[in-house]
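Trainee: Please give me a close look at one part of this model. Pick a single packing contact and take me through its surroundings.

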Amino acid sequence: MIAFIIRRLVQAVIVMVVVALIAFSMFRFVGDPINQMVGIETTPAQREDLRERLGLNAPVPVQFWRFISKAAQGDFGISYQFKQPVADLLAARAPATLELSLVSALFALLVGIPMGVYTGLRRTAPLSKLFLTVSLVGISLPPFLIGILLIFIFSVSLHWLPSFGRGQVVDLGFWTTGLVTASGLKAIILPAITLGLFQMTLIMRLVRSEMLEVMRSDYIRFARARGLRARSINFGHALKNTLVPVITITGLQLGSVIAFAIITETVFQWPGMGLLFLQAVQNVDIPIMAAYLLLIAFLFVVINLVVDLLYVAVDPRIRLSGRAA
């Protein structure tokens, strides 16, 4: 296990270095950062002095080493648009994005797994057909259209839920949350459903297909022959053996939810990192774009490592094969 973790950590470091190189290339080839930081009244001497102070006259390998060294310490430079440290901007927006992503992931799991189990065990029931229809809609429609439809129904027509913003938030010092206020809970419902609907349908269909396959296996027949209860067979044996692919999809989709929350945050004007990244793209704010790229890559690397460790905890065959090797 220790050797496995060390190998994955080495691979993670390599991945992060490659992503850092891509992010660094954005600084070099997307545009001259000096033009984004100064106005037309700046003299050539002042431009050259700023270039020297920023270290842009140094050789490219030296600049890259400085970039990854500062990035490892959480220093991503100064935003061209906001004139503030990028790390502070991301830290202020991160609670909103992470909170939205976690709530949508919980929605996908808590709704998708029971729906998948039900449709797998009762394939011909009318409710199963309804669940499959809902899952088809969730996979087919893009998130921005789902968000607009939810806004039209629950905000414009029924006036039940807010259509934008995060609601009232509470500052805990190191974290800002809206989950402890009534307006914050109302504000997160529509974005969380919009962001988690595709993941929910994906998990539901995956659990359903795995349950259909597992229920036809020999050990399920033996369990029935031994006279075990249906509840014990369905949830103690069948569902447990469907968790490995579910963990895989859930882990990877959690990273995707965080990375691609841009559309949902834009539709609902959710003040998270995705909306900040979109504003950075519109204003060619390279430091924010590079920092967001590095942060998302780091989250994917960490999530993949956690998923691999959960494999070992869930599937005993992986532990036995590792000991045999």
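**Helix 8 against helix 11**

Mentor: Start with the whole chain: of its 325 residues, 40% are buried (under 20% relative accessible area with a 1.4 Å probe and protein chains only; over 50% is exposed, and the range between is partly exposed). This is a predicted model, so local features need pLDDT of at least 70 and side-chain atom pairs pLDDT 80 or more, while totals for chains, interfaces and linings use all residues. Numbering runs from 1 along each chain as its sequence is written, and side-chain values rest on heavy atoms, without hydrogens or water.

The chain has 15 helices and two strands (DSSP runs numbered from the N terminus: H or I of at least four residues for helices, E of at least two for strands). Along the principal axes, its C-alpha atoms fill a box of roughly 85 × 60 × 35 Å. Take the contacts (heavy atoms within 4.5 Å) between residues at least 6 apart in sequence. Of these, 71% join residues at least 24 apart.

Now the pair. Helix 8 covers residues 182–214, and helix 11 covers residues 243–259. Their axes come within 10 Å and cross at roughly 170° (lines fitted to C-alpha atoms over the stretch in contact, with angles from 0 to 180 degrees between N-to-C directions). Helix 8 is therefore roughly antiparallel to helix 11 (over 145 degrees; under 35 is roughly parallel, 65 to 115 roughly perpendicular, the rest oblique).

Which residues in helix 8 meet helix 11? They are Leu 195, Phe 198, Gln 199, Leu 202, Ile 203, Leu 206, Val 207 and Glu 210. Facing them in helix 11 are Pro 245, Val 246, Ile 249, Thr 250, Gln 253 and Val 257. By class, the contact holds ten nonpolar, three polar and one charged residues (nonpolar: Ala, Val, Leu, Ile, Met, Phe, Trp, Tyr, Cys, Pro; charged: Asp, Glu, Lys, Arg; polar: the others, Gly among them).

Look next at Glu 210, which sits in helix 8. Is Glu 210 buried or exposed? Its relative accessible area is 18%, so Glu 210 counts as buried. Leave aside its neighbours within four places in sequence, and Glu 210 is in contact with Thr 242 and Pro 245. Pro 245 is one of the helix 11 residues named above.

Helix 8 has another partner to check. Gly 120 lies in helix 5. Gly 120 touches Arg 208, Met 211 and Leu 212, once residues up to four places away in sequence are set aside. At 7% relative accessibility, Gly 120 is buried. The C-alpha atoms of Gly 120 and Ile 22 are 44 Å apart, with these positions 98 residues apart along the chain.

One more distance starts from helix 8's neighbourhood. Gly 196 and Glu 48 are 148 residues apart along the chain, and their C-alpha atoms are separated by 49 Å. Glu 48 belongs to helix 3, residues 44–53. At 42% relative accessibility, Glu 48 is partly exposed, whereas Glu 210 is buried.

Finish further along the chain, at helix 13, residues 273–282. Its buried residues include Met 273, Gly 274, Leu 275, Leu 276, Phe 277 and Ala 280. Just after helix 13, Val 284 has a positive phi of about 50°.

To recap, helix 8 runs roughly antiparallel to helix 11, and one charged residue is part of their contact.
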